[in-house]
Amino acid sequence: MNLKFTKAVSYTLAACVVASSVSLCSDAATATSGVSAISSATGALETTNYTAFAGAQLSVNEMLANATAISAETQLAENESQWVATEENPYANIAIAQVDNYVYIRESASSDSEYVGKLYNKSAATVSETVEAEDGTWLCITSGDVTGYVKSEYVVQGNEELAKEMSRRVATVTTTTLYVREEASTDSDVIDLLPLGDDLTIIDESMEDSGWVKVTCNAGDGYISTDYVEISTEFTVAESREAEEARLAKEEAEKKAAKEAAEKATAAAKASQSSESSSSSSSKTYSAPSGSDGSAVVAYGSQFVGNPYVYGGTSLTNGTDCSGFVMSVYSAFGVSLPHSSSALRSVGYAVSYDEMQPGDIVCYSGHVGIYAGNGQLLHASTYRTGITYSNVNYKSILAIRRIF
C-alpha cells in the first residue's frame, strides 16, 4: 500500500498535481550532518498513469528501507517517528490544518518572512521541529513539495481520528475492467464496471484479509477484489508559491482557449445544421450547441436525457458512460476532455461547492456528471436509467471543475 498526497488547488475538493520532493526542515542550530541522512529517508515519488491527472505517491516501503540506513548517532534520527507514517497506520504523525481558507507557509519562523506556499484548510502535513519565537510557537512542516513554518495554532497535531477523517482511502484500478460486485464473492452479481486507471473510495476494509474491500460507486456500495487494485491513502497537501502562480496562469490560458473554441464550434455547428434537413421523420433531431458558457453546455446535454448508458461508450445518441457523456458534450463545444472519471478531476479549474454553477463538472467516487443547476446533476447514470437527472448530493463530491 502507498500513501498518496493530493495537492490542494484553492479548495480541498481540488484535484491532484505531482509533488516533486519531500524534505526535512532544519534551522541553523540543527543543521548537522543528520539533515542529509533524514532527508534521504523521505521516500521515492511515483506517478500514476492518469491522463492530465497526476497523484503524488509516497512509497512507504522505500521510506522505511532508507530510514534503516540512518546512523544511531544522528541526533535528528530520534525525530523520525514524528513525520513518517507507516504502512500499518497511515494516519500516524499527520498534522491537519484548521483554518478558514489557508495559512501561509513561511520561509522562517517569523510573520515577516517570505511565504513559500499555502497550506489549505484540512490539508495534511508532517512536523519535524517546534520553534519558540517572540510572536509565538512555530512548527516546521513538510506538506507535499513545500517545507517551511506555520504558527502552531493553525495546525492540529496527534489527532489520528481527524487525520483519518481528512483522508481518503483509494482503490485504483490496475486491470482493464474492474467488476464491482453486490457481495464479496465472484459468484455475486456485477453492479458496476470501472476502467484501468480509474479509482474508487474505500468505505470498509474489514474483509481485506479475505481479498475484498467495500467501495462506493455510482451504482451504490459494492465489493471489489484487492487483486485488481492498488490501495493507497490520499491527503490534501500544500501548494508552493511557484506552483500556484504557474497553475493560475495555465488555468487562465485554458479558460480563454476553451471559450474561443466553444464560440467557433457552436458557430460551425449552427451553420452545418441550418444547411441540412432531416431525412427521417422518425429520427429524433438535436439542436446544435448555442453559446459558450456553462448554461449552454447544460442546454445542449439535456437534449440527450433518456438515451442509453453503455459502458465505454461515447455516443450521446447510441450510448455512453458517465465520463464519455461529459467528454462528448464538451466536445461539441470544441473542448477536448479525457474519457476517465478520475482524470476529469483535474481539468479546468477548481471551484467550491458554494460556487458551483450550471456546466461545472462534478466528480464522485467512480463517477462524473454535469451540474444542471437547482441542485440537479445531468449524467449518464446506469444501464437502467441511461442519461438522466439526479440530486447533485446523491453521494459525496470529490471535486468540482469549471471549464469556462
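## Aromatic cluster, enclosed helices and a strand hairpin

Tyr-286, Tyr-300, Phe-304, Tyr-330, Phe-333 and Phe-404 come together as one aromatic cluster. The model in which this cluster appears is predicted. Two members of the cluster belong to helices described below: Tyr-300 is one of the buried residues of H5, and Tyr-330 is one of the buried residues of H6.

**Confidence and overall make-up**

The average pLDDT of the protein is 82, and 75% of the residues reach at least 70. Over residues 8-85 the pLDDT stays under 50, and the model has 175 contacts beyond four places in sequence for this stretch. The pLDDT is also below 50 over residues 275-282, a stretch with one contact in the model beyond near neighbours in sequence.

The protein has six helices and 26 strands. It contains 404 residues, of which 53% count as buried. Among the contacts with a separation of 6 or more, 63% are between residues 24 or more positions apart. The protein exposes about 17800 Å², and 46% of that area is supplied by carbon and sulfur atoms.

**Helices H5 and H6**

Is helix H5 largely enclosed or open, and why? Helix H5 covers residues 294-301, and six of its eight residues are buried, so the rest of the structure largely encloses it. The buried residues are Gly-294, Ala-296, Val-297, Val-298, Tyr-300 and Gly-301. They pack against H6, strand S23 (367-373) and strand S24 (376-382).

Helix H6, residues 322-331, is also largely enclosed by the rest of the structure, because nine of its ten residues are buried. The buried set is made up of Cys-322, Ser-323, Gly-324, Phe-325, Val-326, Met-327, Ser-328, Val-329 and Tyr-330.

**Strand S7 and its partners**

Strand S7 (residues 124-133) is mostly covered, with seven of its ten residues buried. Which strands pair with S7? One is strand S4 (residues 95-97), which pairs with S7 in the antiparallel sense over two bridges. Another is strand S8 (residues 136-143), also antiparallel to S7, over seven bridges. S7 and S8 form a hairpin, with two residues between them. The table gives one bridge for each pairing.

| Strand pair | Sense and bridges | One bridge |
|---|---|---|
| S4 and S7 | antiparallel, two bridges | Ile-96 with Ala-124 in S7 |
| S7 and S8 | antiparallel, seven bridges | Glu-129 with Cys-140 in S8 |

In a regular strand, side chains alternate between the two faces of the sheet.

**Tyr-102 and its surroundings**

The count of aromatic pairs comes to eleven. One of them is formed by Tyr-102 and Tyr-104, which meet edge-to-face at 5.5 Å centre to centre, with 75° between the planes. The angle is over 60 degrees, so the pair counts as edge-to-face.

Are these two tyrosines buried, partly exposed or exposed? Tyr-102 has a relative accessibility of 30% and therefore counts as partly exposed. Tyr-104 is partly exposed as well, with a relative accessible area of 31%. Buried would require under 20% and exposed over 50%.

Tyr-102 also has a charged group over its ring: the charged end of Lys-118 sits there, 4.2 Å from the ring centre. Tyr-102 thus takes part in an aromatic pair with Tyr-104 and lies under the charged end of Lys-118.

Note on methods:
Residues are numbered from 1 along each chain as its sequence is written. This is a predicted model: local features need pLDDT of at least 70, side-chain atom pairs count only at pLDDT 80 or more; totals for chains, interfaces and linings use all residues. Side-chain values use heavy atoms; hydrogens and water are left out. pLDDT is the predictor's confidence in each residue, from 0 to 100. Contact means heavy atoms within 4.5 Å. Rings of Phe, Tyr and Trp (its six-membered ring) pair if their centres lie within 6.5 Å; planes under 30 degrees apart count as stacked, over 60 as edge-to-face and the rest as tilted. Buried means under 20% relative accessible area, exposed over 50%, partly exposed in between (1.4 Å probe, protein chains only). A charge sits over a ring if NZ of Lys or CZ of Arg is within 6 Å of the ring centre and within 35 degrees of the ring normal. Helices (H or I, at least four residues) and strands (E, at least two) are DSSP runs, numbered from the N terminus. Two strands pair if DSSP finds at least two bridges between them. Accessible areas come from the Shrake-Rupley method with a 1.4 Å probe; for residues, only the protein chains shown count as cover.
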